[in-house]
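Please look over the model below before reading on. The report starts with the overall fold and then turns to one pocket.

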Amino acid sequence: PDLRHKAKAINFGLMYGMGARALAAQLSVAEKQARDLLSRYFKRFSNVDRYLKNIEEQAKKERQLVLPSGRRFIFDDGVESHHLKRLARNMPIQGIAADIMKVALRLLYEVFSDHRDVQVVNTIHDEVLIECSIDKVEWAILTCREQMSFAHQRFVKSVPAEVSVVTGDYWLH
């Protein structure tokens, strides 16, 4: 459990451009230990290390990043190097996640628009809250999985989507 907690902190931290100092604070460990954890992580997942370095170099050189959706992030010349590095790591991952959600919501709206008793009522990061009648629950689950997977595949072809669905009488269930 402790190793899993550390791995999750590293994985999610990398998406936000977190370095050793922030990781140390999050895990309540010394900065040297956090650097060691990052080093071990990048040795094990060398493709992640290579990707992050490439995206940082591209951002420095071109002063922009273009997402598969065509959305473009332009970096001002005044952006400091360490801030640009963090932004370059964060923007493609968070940007693609946002693009996937936009497409998924549009697809769900199109499918659900013919059904008055099924509707999207809220979104929270990568979650969609749907209200529906009891007799439409199974159909809504299947539809949600299909449409969210389809939206994911539109942008990320090499990594399969895993769509988790939880049902309940109220949101906290």
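What follows is a short report on the fold, the surface and the second largest pocket.

## Overall fold

The model is predicted. The protein has 173 residues. Six helices and four strands make up its secondary structure. From the N terminus, the order is α-α-α-α-β-β-α-β-β-α.

The C-alpha trace spans about 55 × 40 × 25 Å along its principal axes.

## Burial, contacts and surface

Buried residues account for 34% of the 173 in the protein. Among contacts with a separation of 6 or more, 46% join residues 24 or more positions apart.

The accessible surface is about 11,900 Å². Carbon and sulfur atoms hold 52% of that area.

## The second largest pocket

This pocket encloses about 220 Å³ of space. Its lining includes Leu14, Gly17, Met18, Gly19 and Ala20. Leu38 and Phe42 also line the pocket, as do His82, Lys85, Arg86 and Arg89.

Which helices each supply at least two residues of the lining? They are α3, residues 31-44, and α5, residues 81-112. The largest share comes from α5, with four residues.

## Character of the lining

By residue class, the lining of the second largest pocket divides into five nonpolar, three polar and three charged residues. Lys85, Arg86 and Arg89 are the charged members. Leu14, Met18, Ala20, Leu38 and Phe42 are the nonpolar ones. Gly17, Gly19 and His82 count as polar.

Terms used
Residues are numbered from 1 along each chain as its sequence is written. This is a predicted model: local features need pLDDT of at least 70, side-chain atom pairs count only at pLDDT 80 or more; totals for chains, interfaces and linings use all residues. Side-chain values use heavy atoms; hydrogens and water are left out. On a 1 Å grid over the protein atoms alone, a cavity is a set of points where a 1.4 Å probe fits but cannot get out, and a pocket is an open set with protein on both sides within 12 Å along at least five of seven lines; lining residues have an atom within 4 Å of a point. Grid points are joined across faces, edges and corners, and a volume is the space filled by probe spheres set on the points. Buried means under 20% relative accessible area, exposed over 50%, partly exposed in between (1.4 Å probe, protein chains only). Contact means heavy atoms within 4.5 Å. Accessible areas come from the Shrake-Rupley method with a 1.4 Å probe; for residues, only the protein chains shown count as cover.
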